[in-house]
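This briefing introduces the structure shown below to a reader who has not met it before. It takes up charge pairs, the metal site, local backbone features and the surface in turn.

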Amino acid sequence: MTAENLKNISCLVVDDDSFMLKTLSIIIKQLGPEQVYQADNAQDALKLIANRNNNIDVVISDLNMPQMDGIQLLRHLGALGVNLGVILVSGEDPRLLESVQNLGQQYKLRVLGSISKPVNKDLLAKFLSDYKRDIAPSPQGPATMVFADELQAAIMADQLDVWFQPQVDVSTGQLVGVEALARWHHEEKGFIPPGIFIGIAEKYGMIQKLTDSILKKAVKQISDWNKMGFDITLSVNFSSAGLCHLEMPEVLDSTIRNSALRPDHLNIEVTESALPKDSSATLDILTRLRLKGFGLSIDDFGTGFSSLEQLKLIPFTELKIDRSFVHNAADNKASQAILESSISLAKRLNIHCVAEGVEDQADWDLVAKLGCDIVQGYFIAKPMPAADFIPWVREYSKKHRTPAT
Ligand SMILES: [Mg+2]
């Protein structure tokens with residue numbers, strides 16, 4: 001591959017040794033890339049990456065650096081969910097470099113390779129060419145970078161929004177509830193995908209504050225709709241962090257008492273993976289929530305490893321089948337088998353069954369045929385801001401969907 005081919009790759013070199021930093025930058029420029037940024041520490045490197053105007057494609061980083069080393073840098077990049085190429089440079093034992101390379105892959109980074117000092121120019125050129133060859137435009141556009149402190153500030157300033165995704169009864173087509181979903185519109189970076197900021201909130205201990213804020217806003221909104229005559233339930237996602245405060249059922253109880261809703265209007269969704277194993281506190285909290293009349297939903301059912309055990313332990317009132325077993329299940333024997341047995345399991349346990357990810361008529365027809373109670377998905381509606389909800393309900397009620405017979 002010629003230098004011309006590599007010229008549009010934007011690189012960032014990170015090394016605490018100023019001589020190495022300069023040398024590496026010169027070598028990289030000789031190989032083709034025109035834009036080469038430099039940082040003599042990992043913190044500055046993260047700032048440069050976070051600035052989307054830089055559009056950094058490949059990070060070439062030293063492993064041994066004071067304050068934050070190369071492994072910590074990888075961890076931070078992994079937590080941010082960025083889609084970057086990484087080349088590691090070190091004078092260390094090649095076996096150590098290899099383990100770091102594996103670690104980077106576990107953080108879902110595109111580790112192109114590692115090189116030891118002194119730098120082999122041909123190997124570096126090969127890694128950059130590999131990047132160029134493998135690169136495919138991401139369907140979601142460039143990776144969105146956000147920092148934990150930006151999220152913290154947004155939560156404190158109450159800048160997170162709640163969107164609502166409708167849930168309808170399969171047999172009557174009637175609207176029965178909504179799931180509240182957190183949305184973050186960053187002033188400069190636009191919409192940050194929930195997959196990124198929820199992960200950051202969980203990792204940096206902010207998820208409880210985030211959940212509280214979403215819950216408060218959503219309860220107020222559903223109360224208002226309730227007063228307008230819409231008797232619908234509200235489902236809110238809870239993380240494991242919220243399930244270890246023993247006073248949580250009392251706090252929720254007073255929130256609901258101060259609204260126009262009853263406890264059975266609220267469904268607490270917990271994912272299987274959020275449930276800590278052998279935690280008596282979690283079992284205590286969930287059981288008392290149920291005692292107070294709240295709904296308990298096991299979310300993303302089928303994706304965890306201990307679903308069945310948890311169904312036995314915890315008094316769930318609803319089983320929510322993960323979208324991966326619903327959409328296109330008609331064409332996939334394994335999905336269909338899991339979907340079918342999940343629905344019949346819910347029936348035998350006498351709890352509600354919700355299918356997520358109903359995206360087309362075929363999905364709807366299949367879950368209807370299998371006897372699922374409630375559906376949620378793009379076929380009915382995408383998540384929407386509160387302001388769009390009433391207009392959507394009006395439109396929807398005109399063409400009430402009914403199951404295929
Ligand atoms: Mg959910």
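A salt bridge is defined here as a side-chain nitrogen of Lys or Arg within 4 Å of a carboxyl oxygen of Asp or Glu. By this definition, a search of the whole structure finds 18 salt bridges. The model is predicted, so local features need pLDDT of at least 70 and side-chain atom pairs count only at pLDDT 80 or more, while totals for chains, interfaces and linings use all residues. Residues are numbered from 1 along each chain as its sequence is written, and side-chain values use heavy atoms, with hydrogens and water left out.

Two sets of terms recur below. Helices (H or I, at least four residues) and strands (E, at least two) are DSSP runs, numbered from the N terminus. A residue is buried under 20% relative accessible area, exposed over 50%, and partly exposed in between (1.4 Å probe, protein chains only).

**Salt bridges**

- Side chains of opposite charge can pair when their charged atoms come close.
- Glu150 and Lys189 form a salt bridge through their side chains, with N and O 3.0 Å apart. Glu150 belongs to helix H7 and Lys189 to the loop between E7 and strand E8 (190-192), so this pair ties together parts that are 39 residues apart in sequence.
- Glu150 is partly exposed because its relative accessible area is 22%, whereas Lys189, at 15%, counts as buried.
- Asp224 is bridged to Lys220, and their closest N and O atoms are 3.0 Å apart. Because they are four residues apart in helix H9 (residues 207-227), about one helical turn separates Asp224 and Lys220.
- Asp224 also meets Lys227 in a salt bridge, at 4.0 Å from N to O. Both Asp224 and Lys227 lie in helix H9, three residues apart, which is about one turn of the helix.
- Asp224 is partly exposed, with a relative accessible area of 28%. Its partner Lys220 is exposed at 52%, and Lys227 is exposed at 63%.
- Elsewhere, Glu179, Glu269, Lys320 and Glu356 are joined into one network by salt bridges that share partners.

**Magnesium site**

- Which residues coordinate the magnesium ion? The donors are Glu179 (OE), Asn237 (OD1), Glu269 (OE) and Asp299 (OD), at 2.1 to 2.3 Å.
- Donors are N, O and S atoms within 2.8 Å of the metal (3.2 Å for Na, K and Ca); water is not among the atoms, so sites may look incomplete.
- Along the chain, the donors of the magnesium ion follow the spacing E-x57-N-x31-E-x29-D. Glu179 is in strand E7 (residues 175-186) and Glu269 in strand E10 (residues 266-271), so the pair ties together parts that are 90 residues apart in sequence.
- Are Glu179 and Glu269 buried or exposed? Both of these residues are buried.

**Backbone features**

- Lys117 and Pro118 are joined by a cis peptide bond, with omega about -5°. Pro118 sits in the loop between strand E5 (110-116) and helix H6 (121-134).
- Gln67 is not a glycine, yet its phi is positive, near 65°. Gln67 lies in the loop between strand E3 (58-62) and helix H4 (70-79), and it counts as exposed at 67% relative accessibility.
- Asp158, also a residue other than glycine, has a positive phi of about 60°. The loop between helix H7 (148-156) and strand E6 (160-169) contains Asp158, which is partly exposed with a relative accessible area of 45%.

**Surface and separation**

- Asp16, Asp17, Asp40 and Asp44 form a negative surface patch. Patches are made of residues with over 30% relative accessible area and no salt bridge, with like charges joined within 9 Å and nonpolar side chains (Val, Leu, Ile, Met, Phe, Trp, Tyr) within 5 Å.
- Within this patch, Asp16 is located in the loop between strand E1 (11-14) and helix H2 (18-31). Its relative accessibility is 36%, so Asp16 counts as partly exposed.
- Gly199 is part of helix H8 (residues 194-203) and counts as partly exposed at 29% relative accessibility. From C-alpha to C-alpha, Gly199 and Val59 are 23 Å apart in space, and they are 140 residues apart in sequence.

Notes. Accessible areas come from the Shrake-Rupley method with a 1.4 Å probe; for residues, only the protein chains shown count as cover. Lys and Arg count as positive and Asp and Glu as negative; His and the chain ends are not counted. The place of a charge is taken as NZ of Lys, CZ of Arg, CG of Asp or CD of Glu.
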